[in-house]
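Could you walk me through this model in the viewer, one selection at a time? I would like to know what to pick next and what I will find there.

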Amino acid sequence: MLYTPSTNTLRNALKQGGPMVWLSCLIMGFGNLISGQFIKGFLFLTVEAAMILFMIVPSGGAYWISMLPSLGWREQEKVWNEEKFIYEYAAGDQSQLILLYGIASICVLVFFLLIWRASVRSGYKALCFKKEGRHIPTITEEIQDLFDKDVHKLLMSAPLFFLFVFTILPLFYMISMAFTNYSKEGDHLVLFDWVGLSNFFAIFDHGSVIGKQFGSVLTWTLVWAFFATFLNFFFGTIMAIIINRPSIRLKGLWRGCLSMTIAVPQFVSLLVMRSMLQPNGIVNRMLMESGLIADGSPLPFLTNATWARVLVIVINLWVGIPYTIMQVTGVLQNIPADQYEAARIDGASAIKQFFHITLPYMLFVLTPYLITQFTGNINNFNVIYLLTRGEPLGVGNSAGDTDLLVTWLYKLSVDQQKYNLAAVIGIFTFVVLAIVSLITYRSTGSYKNEEELR
């Protein structure tokens, strides 16, 4: 069988390659070396030698992987030094490092297996070319191909590497943490164990304190995300349509005035608003001095659950509407004017034009943006934490009445050091966002009828 790119699979290589390819499975790069690709074969062999060294050295990959089932058991010990007449401390195991290095070692092993697979296929290809009398590419020619027909491999290598290091590896680490008792409770910050699904049962147990808080926080998170997304879209759309009307003058001025909140760093605006809305803040003092409220009876902007929840939604409108105006303005200016002209000739009113031309066009274009905004609002840490700190906080609760899942996760991990429960909430948030985003997007016209508005 002649070699073709479609036949260059690991299965075909092992099935049809013969002893030389089988030997390449043990000695990486062997097929390349005997085919004359000495540099490439030596590089594969170097990778194999480095991997063996990484696994067998003391405190290497094999050690960390072997420690994963137990996560360590040796505690720090105080040992008497007869020569110095002092007590010295012998370091014990640290489960956090074992978990991290163990997962990293497994990832390195998986990455090595991918290179091993590539080396077997490369050796099989070189041996087939040699057998068929075809030209075997040199290392220089293959490097040149990376800048030509294989440029996608060159361009994607760095992004994939950083995606693996900064996204996939931490994600696996967080997921693994959810199955441990890594928490300040029970003094499990240094040495902790695997506990299976216990943390998940605790979170979803409506009879427990943490389970009740989870249900409350999840409900408020979804309510917040809905209102924060669609009220911004509704009011931002109205403002953009009003400003975009031909009869409105100084359009740039109005857009500039409404966009001033974008120019100021968001955390500065939110911290100033928090200060102004305190019981003794400037807003309450002005209301008292004007006689609108009684002295000593400030409005509970931040101390009452209902007031605080309405407050964060309203202030989020103030922060978010300018962004919506910019998005909607760009869409409005790209709607073909002849559609409105035809509608006016047919006698359609302004309301009918909006519901039959403007709104469908906007939803078609902006649905991905709305989905992004919805998922972003579920993870909107800044507005909630900087404005209310998640408060008001009930007695004995770890989550406040305005806490979102993401702010509660922050408190559980940073403030209370309950990393196991925080990891469970992180996993649940990721799953919910992924499912909602994928189902919603795949159900929209932007996905189903991609060519409709062209």
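Start by selecting Asp403 and Lys411, and show their side chains: both residues are buried in this predicted model, each with under 20% relative accessible area. Now look at how the two side chains meet. Asp403 and Lys411 form a salt bridge, and the closest N and O atoms lie 2.7 Å apart. Side chains of opposite charge can pair when their charged atoms come close.

How many salt bridges does the structure hold? There are three, so two stops of this kind remain on the tour.

For the next one, select Lys40 and Glu142. Their side chains meet in a salt bridge, with an N to O distance of 3.1 Å. Colour the helices and you can see that this pair links distant parts of the chain: Lys40 belongs to helix α4 (residues 38-56), while Glu142 belongs to helix α7 (residues 139-146), and the two are 102 residues apart. Lys40 and Glu142 are both buried.

Then move to Glu132 and Arg134, whose side chains meet in a salt bridge at 2.9 Å, N to O. Turn on the surface here. Are these two buried, partly exposed or exposed? Glu132 has a relative accessibility of 28%, so it counts as partly exposed. Arg134 is partly exposed as well, because its relative accessible area is 37%; the range for this class runs between 20% and 50%.

Keep the surface on and leave the charged pairs behind. Select Phe234, Phe235, Ile238, Met239, Ile242 and Leu258: together they make a nonpolar surface patch of about 470 Å². Which element gives the largest share of the patch? Helix α10 (residues 209-244) does, with five residues. Zoom in on Ile242, which lies in α10. Ile242 has a relative accessible area of 40%, so it is partly exposed. That value also clears the cut-off for joining a patch, which asks for over 30%.

Finally, stay with α10, switch to a cartoon view and add helix α17 (residues 350-378). The two helices pack at an angle of about 140 degrees, and their axes are 10 Å apart. This angle makes α10 oblique to α17, because an angle has to be over 145 degrees to count as roughly antiparallel. Rotate the view until one helix lies in front of the other, and check the handedness for yourself: the crossing of α10 and α17 is right-handed.

Key. Residues numbered from 1 in each chain as written. Predicted model: local features only at pLDDT ≥ 70, side-chain atom pairs only at ≥ 80, totals over all residues. Heavy atoms only, no water. Patch = residues over 30% accessible without salt bridge, like charges linked within 9 Å, V, L, I, M, F, W, Y side chains within 5 Å. Areas by Shrake-Rupley, 256 points an atom, 1.4 Å probe, with all protein chains shown as cover. Salt bridge = Lys/Arg side-chain N within 4 Å of Asp/Glu carboxyl O. Helix = DSSP H or I, 4+ residues; strand = E, 2+ residues; numbered from the N terminus. Buried < 20%, exposed > 50% of the residue type's maximum accessible area, 1.4 Å probe, protein only. Axes fitted to C-alpha atoms, helices over the stretch in contact; angles between N-to-C directions. Parallel < 35°, antiparallel > 145°, perpendicular 65-115°, else oblique. Left-handed = near helix turned anticlockwise from the far one by under 90°.
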